[in-house]
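Visitor: Could you take me through this structure step by step, beginning with its packing and ending at its ligand?
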Amino acid sequence: MDYTVPSEAFKRIDESDDEIFYREPRLVKHIDEAACTALTSYLSTVLLPNSQVLDLMASCASHLPEEISYGGVTGLGMNQTELNNNPQLSSSVVQNLAINTKLPFDDCFFNICLITVSVQYLIYPIAIFNEIARVLIPGSPCIVAFSNRCFPTKAVAIWHQLTNTGHAKLVGQYFDATQKFEPYTVRDISPIGGQGDPLFVVSAKTQPV
Ligand SMILES: C[S@@+](CC[C@H](N)C(=O)[O-])C[C@H]1O[C@@H](n2cnc3c(N)ncnc32)[C@H](O)[C@@H]1O
């Protein structure tokens, strides 16, 4: 795959530099409170104490349960003010993944990677998922959570063509394409009774050595 030009499926309505769109901080949550609670509750079932956590495509909220102690929480996003306002991050870095797909982290460093309500903005998802596999310790999970909300002008074209089920299959294909993850699973963790934003998780563990 040519990582200098995204294919048609990964074009966006707004093809201008992401730095322009994300220049102004948005100090808001991108899913409603019920979905945030569902996400944090789900994460409490998969996070182990003292983990090194990578929050990829981070903003001012990491959705991590507060009762767990972490070895470190590293956020990578587009806006330093958003990252500075995230109380759960122990370190942060601004990097535009549409320009530079190489993650600025050592091999086999993190115990878990999270991408919450952001995967639809990746224009080189397979390159990024390969990088996630590189920086995760073998046998560690990558958790991708998404809802039905997005910044429409910045979501990739294929995201607009698909339903929730299709989004899950698409993310699953990102895992499969790397050939570095175990088979993925899909979960509907939407708030009970439809009382909130729908929420889905696609996750897979890197292959053990
Ligand atoms: C809807 S917000 C979600 C933020 C956070 N993960 C959450 O759960 O609230 C989308 C995030 O994706 C990140 N993002 C979008 N395009 C990006 C890019 N090209 N490179 C790196 N991060 C990007 C931005 O930092 C932005 O905060």
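Visitor: Before any detail is discussed, what kind of model is this, and which elements do the buried residues of α4 pack against?
Guide: This is a predicted model, and the discussion can start from helix α4, which spans residues 125-135. Because 10 of its 11 residues are buried, α4 is largely enclosed by the rest of the structure, and the buried ones include P125, F129, N130 and E131. The elements against which these buried residues pack are β1 (52-56), β4 (112-116), β5 (141-146) and α6 (164-178).

Visitor: Is β4 enclosed or open, and which of its residues are buried on each side?
Guide: 5 of the 5 residues of β4 are buried, so the strand is largely enclosed by the rest of the structure. In a regular strand the side chains alternate between the two faces of the sheet. In β4 both faces are covered, and the buried residues are I112, L114 and T116 on one side, with C113 and I115 on the other.

Visitor: Which residue of β5 stands opposite T116, and how is β4 joined to its partner strands?
Guide: On one hand, β4 runs parallel to β1, to which it is joined by 4 bridges; in that pairing D55 stands opposite L114, while the bridge partner of L56 is I115. On the other hand, 4 bridges join β4 to β5, and these two strands also run parallel. In β5, the residue opposite T116 is A145.

Visitor: With which residue of β2 does Q52 form a bridge?
Guide: Q52 falls within β1 (52-56), a strand that is mostly covered, with 4 of its 5 residues buried. β1 pairs with β2 (residues 72-77) in the parallel sense over 5 bridges. The bridge partner of Q52 in β2 is G72.

Visitor: Which element gives the most residues to the largest nonpolar core, and how many does it give?
Guide: This core holds 41 residues, of which L56, F129 and I132 touch the most other members. The elements that give it two or more residues are β1, β4, α4, β5, α6 and β7 (200-205). The element that gives the most is α4, with 6 residues.

Visitor: Which residues of α4 does L56 touch, once residues up to four places away in sequence are set aside?
Guide: With those sequence neighbours not counted, the contacts of L56 include L76, L97, L103 and C113. L56 also touches L114, I115 and T116, which are buried residues of β4. Its contacts within α4, a helix of residues 125-135, are I128 and I132.

Visitor: Is T101 buried or exposed, and how far is its C-alpha from that of A127?
Guide: T101 lies in the loop between β3 (91-94) and β4, and because its relative accessibility is 19%, under the 20% cut-off, it counts as buried. T101 touches Y124, A127, I128 and E131, not counting residues up to four places away in sequence. Although T101 and A127 are 26 residues apart in sequence, their C-alpha atoms are separated in space by 6.4 Å.

Visitor: Turning to the ligand, how much of its accessible area does the protein cover?
Guide: The ligand is surrounded by 20 residues, and the closest are D18, M57, H63, L97 and T116. A polar side-chain atom of H63 lies 2.9 Å from an oxygen atom of the ligand, a polar backbone atom of M78 is 3.0 Å from a ligand oxygen atom, and a backbone N or O atom of Q95 lies 3.4 Å from a ligand nitrogen atom. Of the 590 Å² of accessible area that the ligand has on its own, the protein covers 98%.

Notes
Residues numbered from 1 in each chain as written. Predicted model: local features only at pLDDT ≥ 70, side-chain atom pairs only at ≥ 80, totals over all residues. Heavy atoms only, no water. Buried < 20%, exposed > 50% of the residue type's maximum accessible area, 1.4 Å probe, protein only. Contact = heavy atoms within 4.5 Å. Pairing = 2+ DSSP bridges. Near = heavy atom within 4 Å. Polar contact = N/O pair within 3.5 Å; in protein donor to acceptor, adjacent residues only side chain to side chain. Areas by Shrake-Rupley, 256 points an atom, 1.4 Å probe, with all protein chains shown as cover. Core = buried A, V, L, I, M, F, W, Y, C linked by side-chain atoms within 4.5 Å.
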